[in-house]
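Here are my notes on the model you sent over, in the order I'd go through them. Have the viewer open while you read.

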Amino acid sequence: MSTQTAAVSEIFSSLQGEGTHLGERHLFLRFEACNIHCEYCDELGKPGYGLDLDQTIESLKKLEQEKGPHGYVSLTGGEPLLYVSFLTALLPRLKQEGFKIYLETNGILWKVLEQVIHWCDVIAMDVKPASVTKERSFLKEHEQFLRLSLQKETFIKMIISKEIVLEEFQNLCSMISRVDLKVPLILQPISAEVDGHEDPDLMNLLSELQTVALGILDDVRIVPRLHKILGIR
Ligand code: SF4
């Protein structure tokens, strides 16, 4: 019996509703808490419960048997990299069980990424515009993170609201291009629900920003949250 625990808020099977792996079936392991506080966050405040390593692995294996096969175990949150000691124990065991690891992260804690990247197969990294999050800028941390992350399959997700400042958007795209202009950049509308996806002003803005970004980067896509549109959890 392991003594290591983490605050896990939910473990479930669903489709991957975001990014370049859209539509794949994943197992989701959601951790409580985050190191920042984005104004639009719909995950903060979900209570976590202490799960140890064995309980976590057993829950994932049970779901794999009931609803699998799954493409990946998606580590999500909150911010999974807050749980580094738990992850360095969990991830090698999940790999031994044959699972592939998909890390969803806010792309800030690059020193922690160094410790777990060995076991990751895909890294879905956020780049956070301060004009959207109302947090501080994380430009330098994002650049360090991206340089490391590119050892593995990586794409970047940027949440776009109508409050985004064009100069900041261009600076973030330029940072990405300094590291690797071929890494996919996903522009995702902020709206959590279907109605928001139908906001014509936001959709026009997304299209304009894609044009701007394609002047700097090779691969820029607009991808909404598919699970919200389909009404799948
Ligand atoms: S990084 Fe993600 S989990 Fe953390 S506050 Fe922002 S939206 Fe929420």
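1. A quick definition before the ligand: a residue counts as near a molecule if one of its heavy atoms lies within 4 Å of it. Keep in mind that this is a predicted model.

2. By that cut-off, the ligand is surrounded by Cys34, Ile36, His37, Cys38, Tyr40, Cys41, Leu44, Gly78, Asn106 and Lys128. Sorted by class, that shell comes to six nonpolar residues, three polar ones and one charged.

3. Where does the ligand sit? You'll find it in the largest pocket, which holds about 840 Å³ of space. The lining of this pocket runs to 42 residues, and those nearest its centre are Glu18, Arg30, Glu43, Gly77 and Arg225.

4. The lining of the largest pocket has its own mix: 16 nonpolar, twelve polar and 14 charged residues. Several elements supply at least two lining residues each, namely β1 (5-15), β2 (25-31), β5 (101-105), β6 (122-126), β7 (153-160) and α9 (226-230). Of these, β1 gives the largest share, with four residues.

5. Now for the sheet. Nine strands make up an open sheet with mixed pairing, and the order reads β3-β1-β2-β4-β5-β6-β7-β8-β9. At the edges are β3 (49-52) and β9 (220-222), each of which pairs on one side only. From one strand to the next, the twist averages 30°.

6. If you want one strand pair to zoom in on, try β6 and β7: they run parallel and are paired over five bridges. Look for Asp126 there, whose bridge partner in β7 is Lys157.

7. Some backbone geometry deserves a look. As background, most residues other than glycine have a negative phi, and most peptide bonds are trans. Which residues does a cis peptide bond join in this model? One such bond links Gly68 to Pro69, with omega at about 5°; Pro69 belongs to the loop between α1 (53-67) and β4 (72-76). Another links Gly77 to Gly78, with omega at about 10°, and Gly78 is in the loop between β4 and α2 (84-96).

8. That Gly77–Gly78 bond ties back to the earlier points: Gly78 is one of the residues around the ligand, while Gly77 is among those nearest the centre of the largest pocket.

9. Last one: check Ala33, in the loop between β2 and β3. Its phi is positive, about 80°, although Ala33 is not a glycine.

Conventions. Residues are numbered from 1 along each chain as its sequence is written. This is a predicted model: local features need pLDDT of at least 70, side-chain atom pairs count only at pLDDT 80 or more; totals for chains, interfaces and linings use all residues. Side-chain values use heavy atoms; hydrogens and water are left out. On a 1 Å grid over the protein atoms alone, a cavity is a set of points where a 1.4 Å probe fits but cannot get out, and a pocket is an open set with protein on both sides within 12 Å along at least five of seven lines; lining residues have an atom within 4 Å of a point. A molecule sits in a cavity or pocket if more than half of its atoms lie within 2 Å of its grid points. Ala, Val, Leu, Ile, Met, Phe, Trp, Tyr, Cys and Pro count as nonpolar, Asp, Glu, Lys and Arg as charged, and the others, Gly among them, as polar. Grid points are joined across faces, edges and corners, and a volume is the space filled by probe spheres set on the points. Two strands pair if DSSP finds at least two bridges between them. Axes are lines fitted to C-alpha atoms, for helices over the stretch in contact, and angles run from 0 to 180 degrees between N-to-C directions.
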